[in-house]
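Biologist: Could you take a close look at a single strand for me and then place it in the chain around it? I'd love one connected account.

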Amino acid sequence: MNHMSDKNNHQCEPEEMDTREDEPPIQNGGVNGAGDNKYVNGDIQDQNTISQDETMEEDEARSEATFRYTVHSFSKLKDTQLSLPTFVRNLPWKIMVMPRNNQGQDRQLTKSLGFFLQCNGESESSSWSCNAAAELRLLSQKEGTEPFVRKIQHLFYSKENDWGFSHFMAWNEVLDAEKGFIKDDSITLEVHVVADAPHGVSWDSKKHTGYVGLKNQGATCYMNSLLQTLFFTNKLRKAVYLMPTESDDSSKSVALALQRVFYELQFSDKPVGTKKLTKSFGWETLDSFMQHDVQELSRVLLDNMESKMKGTCVEGTIPGLFEGKMISFIRCKVVDYTSSRTEPFYDIQLNIKGKKTSALTFDRFSDKIQANRVLFLVHESFKDYVAVETLDGDNKYDAGDYGLQEAEKGVIFASFPPVLHLHLMRFQYDPMTDSNVKINDRFEFPEKLNLDQFLQKNEASPAQYTLHAVLVHSGDNHGGHYVVFINPKGDGKWCKFDDDVVSRCTKQEAVDHNFGGHEDDITVKHCTNAYMLVYIRDSAMADVLIPVMEKDIPEQLIERLHEEKRQEALRRKERNEAHLYMNVQILTEDNFNGHQGNDLFDIEKVVYRSFKVKKAATLRELMETLAENFGYPIEQIRPWPFSFRTNQTCRPTLLDLETDLNKQVSELADSSNPWTLFLETVEPDSGLQSLPTFDRECDVLLFFKLYDPKSKQISYCGHQYMPITAKVQDLTPVLNKRAGLPPDADLMLFEEIKPNMVERIEYLEMPLEKVLEELMDGDIIVFQKEEPELDSFELPTCKDYFRDLFYRVEVTFSDKTLPNDSGFTMELSQRMNYDQMAHAVAQRLGTDPYLLQFFRFQSYRDGPGNPVRCTFEGTLKDLLLNFKPRQPKKIYYQQLSIRINELENKKQFKCTWVNSKLKEEKELVLYPNKNGCVADLLEEGKKQVELAENGSGKLRLLEVISYKIFCVQREDVQLECLNSAGTKSYRIEEIPKDELHTNEDELLVPVAHFHKEVFTTFGVPFLFKIKNGEQFARIKERLQKKLEVPDKEFEKFKFAIIHMGRPQYIHEENEYVINKNDFLPHPPQGTNMQPRPWIGLEHVNKAPKRSRYNYLEKAIKIHN
């Protein structure tokens, strides 16, 4: 949009700008005499005094520059013109000028001068950005006349690479000679630009500053700022290097991860990643995309490091650097009693709200204070910190034998640490909005800070500090961005660390620009300000900033980190070349031994030997590799690829070695990756020099398995080439020999066709091609010895075995009463009925099957569902119907104290037992008859509780809602009428003897504990007998005796009669007399409700006050 200028005020404040959307510019002016334009690179100077190329070469990385562009024949200007580039922060900046026609308020077109600043305009990249502030000036040609100036501030990036004013000045005003901006039909435009180091372009931080930055994972700029601060605390860095991490897990060790980050910050030339560090914290990905609090991370990280350093040569480094001591005291005003304790601190939180101080405030102070205004502000915050709090009224201090006393509470510093972390409380809780808000008030802080006046007594060296780092936050309480300004060597030479970009900056940028607020114009919202300050004690400066050289780093650590780099480079190379390779998985007959299922191996359990081969490699090259690795000559091996058949089996198939040897493995594998092969090898003791010839037209490859009905197990018995014309009976001697049976032993032969389909081979005298169904390489024959007593076995034939196997399933049984119980897994048959399953599980648990109750799995809540009745007539398969084929199967159980068939005729009832002193509580699970009443429940309860000695022996059932007694249930109430839901629960207790009977003038009244509000009840409520006409003072005595509360604590109780949620406090206990009618139900008009009044005991709040520092996010945790 267009902006009108104030003709009478050439020095304008920053305002919103626009980006130019116009026709493509003519570089360097075109027809308007741009060839004669004056161009100054850097500050204004004579072009003849210094080489332009030399200046650009020396200063292209500078942070600011002033340059000019002269437009000749201005009155004839029609097209956009661009100046030659001036390089700032390695980016080309150009002045852009053009005539613009703007529509005024009267809808009349007015011609204006358009003046823009362009950055990196010819770049095709879309990832770069650069934040800059600039003054756009139209210079006056008259001596003594000020230029016309407008200011801009903008984040330049690919879509907004120019910024300025469509209406910088009216065209006729520029042409007005009286204004003095035009001479000989020429005008001169000037720009002074100050730019931050750019992101997303080739900014070499190491070259320009000697330091490198840290990559941002998404929202880890807060962590990056802290890590840079800790890195430049050189003594800490040196100690981190010396932590012993030789045996640490490289992915879980926080210490090693921090060593890695520090080492790369010191020696790398490129920005350093932090993913391994956050991974070592145990953070999930989401944690890296959530902005946390710097102070909290600082504390957690330093605590973690301190614990890792214990017992090592660097133990005590962290407290030695960061730990100060403060004395917390409470001093009684009237009696001579003081309590104090010394506490360590690692940082100090300073209140900054309302600390903005104008110069007028200092008129009444001495000249010395006037000169130290900034120091005064910090001291004011320190005075707030050590301000004394008075404890009086309800908040009196319990001084032991002296009782409750008025007192003063406060802190004073005993010592300050070498490295002082000051956290400015920019985020505070706002009770009006019930949320955290950011405080953007101006708060000035000094480069030199003296804190001697806040010490209890002076230390050996003055508490004189020098500013070392300023952590800055831009944004609000919902998020923003962190950068840190560091004075690495304590010599006043500052650098700005903005994630991966590091640049040199001035003291004004690092300190003065981060005070916050805005003194001149309060309407301008400034949300960029210092958030944390790091000061180093002058007396410890040399020790804290001790140079860290490579010789200070253990050699084994350097070697480990270099080896990690080498391995990462190899893995990176592998990833880049992954598309050129494929995996070949090899199985031998050793893998088939012990397999008890269908086919030759279990796909999910088998252990392959894997080889990574080039897709372009030939089969011959693959065989040479396999021969070398398995230790066989190439003629003693033969590969058989596994193929999935249409009948759900996986069997070896033939490769034609004569025609396929020179084909590529990717072609033979038909793009399968991985490619699984059975590698046939010569038997070691066979004496053969090569594998026998296989005729693909006349031979078939068969595999054999032996079934033993006694052990119900399968044994692998090798393979054999057989002519397809051979008779089945020709296999008998071969199989008997392999099974260790007599040569003439009778065998039963079966063909394993597919899962749950195993058919007996009846005609042994017929050829294989006639007998076996669709004879193919890889067919499996299962055999067993023919015996007369097979029917006595549970699974007499292999056909029975495989049918049983087909229905077999792994089921996990988890204890319903144990949260997150991993349980145990059993292999069971899906054809089992309830009794068979219960007996199997009971045998595993060592219990009676009738003392178990089972529950179906409820997938939507990942927990137990409805119970399974012991009369369930289905099978285990029916219980697992809702599970998907490959989903783990789960059933819940619980062990019972009564038999399941009895339980199913009873009602499970959960309640709480409280003893006569109201202190011991335990949960009861009772099993009264389903059709029973409260009396039956109480009888069941007597069996599980221990009654008081000399007690009444009689129980009652109380209904409790939100820690208040709602009613006493009558004994004739049916159990089906009782329902515990929400905050309702039931309690069983023994009736005290004095409450068994009540006279007409007596009443049992509910009593409950609450805090502040009557709805914030807690603790154990109880019934209490009151008598009409009894003084409340007497009631209090009996209450204290019943609760066994000490006098001092009981003095703090307040008493109220609560009816319909409204408390009526009893202040004059000696005057109030019990009126029975006050405690009778009073139904509200128009309702059937009969709410009973109750006695409330209000407790004094002993909880600590709300912390004066509030975090915006969930707590940070380092899990390792």
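**A close look at one strand**

Modeller: Happy to! Let me begin with a cysteine: C650 has a relative accessibility of 6%, so this residue counts as buried, the cut-off being under 20%. C967, at 23% relative accessibility, lies above that cut-off and therefore counts as partly exposed. As for disulfides, the count in this predicted model comes to zero.

Now to the strand you asked about, β9, which covers residues 162-170. Is β9 enclosed or open to the outside? Nine of its nine residues are buried, so β9 is largely enclosed by the rest of the structure. Part of its setting is strand β6, residues 109-119. The two strands, β6 and β9, run antiparallel to each other and are joined by six bridges. If you would like a specific pair to look up in the viewer, take L117, whose bridge partner in β9 is W163.

Stepping back to the whole chain, β9 belongs to a set of 51 strands, and there are 26 helices as well. Burial can be put in figures here too: 47% of the 1120 residues count as buried. As for how the chain meets itself, take the contacts between residues at least 6 apart in sequence: 67% of them join residues at least 24 apart. Finally, the outside: the chain exposes about 58200 Å², and carbon and sulfur atoms supply 46% of that area.

Methods: Residues numbered from 1 in each chain as written. Predicted model: local features only at pLDDT ≥ 70, side-chain atom pairs only at ≥ 80, totals over all residues. Heavy atoms only, no water. Buried < 20%, exposed > 50% of the residue type's maximum accessible area, 1.4 Å probe, protein only. Helix = DSSP H or I, 4+ residues; strand = E, 2+ residues; numbered from the N terminus. Pairing = 2+ DSSP bridges. Disulfide = S-S within 2.5 Å. Contact = heavy atoms within 4.5 Å. Areas by Shrake-Rupley, 256 points an atom, 1.4 Å probe, with all protein chains shown as cover.
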